[in-house]
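Below are some comments on the structure, set out as numbered points. Please read them with the model open alongside.

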Amino acid sequence: MSAAGTARVDHAVTSGTFSLDGETFDVDNNVWVVGDDTECVVIDAPHSVEDILAVVGDRRVKAIVCTHAHDDHVRVAPALREKVVAPILLHPDDKPLWELTHTQYLWDLDLADGQTLEVGGTTLQVLHTPGHAPGAVCLYAPDLGCVFTGDTLFHGGPGATGRSYSDRPTLEASIRAKLFDLPGDTVVHTGHGEDTTIAAERERLG
Ligand SMILES: [Zn+2]
């Protein structure tokens, strides 16, 4: 039985590559799993189904939520879907990026700004934060005091905008409009690297 207030965040780091614009880089990605002992949501599906399933354990996966469709965030999403029989959720503005990685599979359900996802007695609020990618989203968990930012906001500042489908002014506008209004002590769980807080990054960006 799942009870309200028992939701938690679990985490793994998994290694692989990121490719875009004809270049390939080695990357370590964070996988975040939010839920209780019974059910969970997986945030991003980078390089290894096994690494993700090790965090999930025997819990039911309600959804595979993609913060954006760069290949290092969605590569094993269809394979994970096969294993756990859960829908893949993606903001439709990332269709062109998704199609660079997956030509024979689609995601299942569109994410939209303001949508909420319920899991393990807690709520994730979808924030559409374009800039790093057109369909990039962050997931705010007010009960847990944290936000999952993918590659929109890192420890140290905004995500990269040097490649196709990225735009720095759009990214900064998204961060200011959607993230910097959150409580300062909100913990930021990023797509790569260590955690930060909203207050620390607000201070840094000025
Ligand atoms: Zn990315």
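1. In this predicted model, strands β10 and β13 run parallel and are joined by 4 bridges. Within that pairing, G150 of the chain stands opposite T190 in β13.

2. These two strands belong to an open sheet of 6 strands, arranged in the order β7-β8-β9-β10-β13-β14 and with mixed pairing. Its edge strands are β7 and β14 (196-197), each of which pairs on one side only. Strand β13 (residues 187-190) is joined to β14 by 2 bridges, and here the two strands run antiparallel, with V187 standing opposite T197 in β14. The hairpin of β13 and β14 has 5 residues between the strands, and G193 takes a positive phi near 85° in it.

3. Helix α5 (residues 168-179) lies across three strands of this sheet, namely β8, β9 (137-141) and β10 (146-150), and runs at about 145° to β8.

4. A second open sheet is also made of 6 strands with mixed pairing, in the order β1-β2-β3-β4-β5-β6. Its edges are held by β1 (8-20) and β6 (109-110), and because each has a single partner strand, one side of each is left without a neighbour in the sheet. Further in, β4 and strand β5 (residues 88-90) run parallel and are joined by 2 bridges, and the bridge partner of V65 in β5 is L89.

5. Two helices should be viewed against this second sheet. Helix α1 (residues 49-56) lies across β1, β2 (23-35), β3 (39-43) and β4, running at about 170° to β1, whereas helix α3 (residues 77-84) lies across β3, β4 and β5 and runs at about 160° to β4.

6. The metal site deserves a careful look. The zinc ion is coordinated by H68 through NE2, H70 through ND1, H132 through NE2 and D151 through OD, at 2.1 to 2.3 Å. The angles among its 4 donor atoms span 89 to 171°, and the site is accordingly classed as irregular. Along the chain the donors follow the spacing H-x1-H-x61-H-x18-D. Since H68 lies in the loop between β4 (60-65) and α2 (71-74), while D151 lies in the loop between β10 and β11 (153-154), the pair ties together parts that are 83 residues apart in sequence.

7. Are these two donors buried or exposed, H68 with 1% relative accessibility and D151 with 5%? H68 counts as buried because its relative accessibility is 1%, and D151 likewise counts as buried because its value is 5%; the cut-off for buried is under 20% relative accessible area.

8. A glycine between two strands also merits a comment. G120 lies in the loop between β7 (116-119) and β8 (122-128), and because its relative accessibility is 0%, G120 counts as buried. The C-alpha atoms of G120 and E39 are separated by 5.9 Å, although these residues are 81 residues apart along the chain.

9. On aromatic contacts, the count comes to 3 aromatic pairs. One of them is formed by W98 and W107, whose ring centres are 5.7 Å apart and whose planes make an angle of 75°, an edge-to-face arrangement. Both W98 and W107 are buried.

Definitions and conventions:
Residues numbered from 1 in each chain as written. Predicted model: local features only at pLDDT ≥ 70, side-chain atom pairs only at ≥ 80, totals over all residues. Heavy atoms only, no water. Buried < 20%, exposed > 50% of the residue type's maximum accessible area, 1.4 Å probe, protein only. Phe/Tyr/Trp six-rings, centres within 6.5 Å; stacked < 30°, edge-to-face > 60°. Pairing = 2+ DSSP bridges. Contact = heavy atoms within 4.5 Å. Axes fitted to C-alpha atoms, helices over the stretch in contact; angles between N-to-C directions. Donors = N, O, S within 2.8 Å, 3.2 Å for Na, K, Ca; no water. Tetrahedral: all angles 85-135°; square planar, octahedral: opposite > 155°, others 65-115°.
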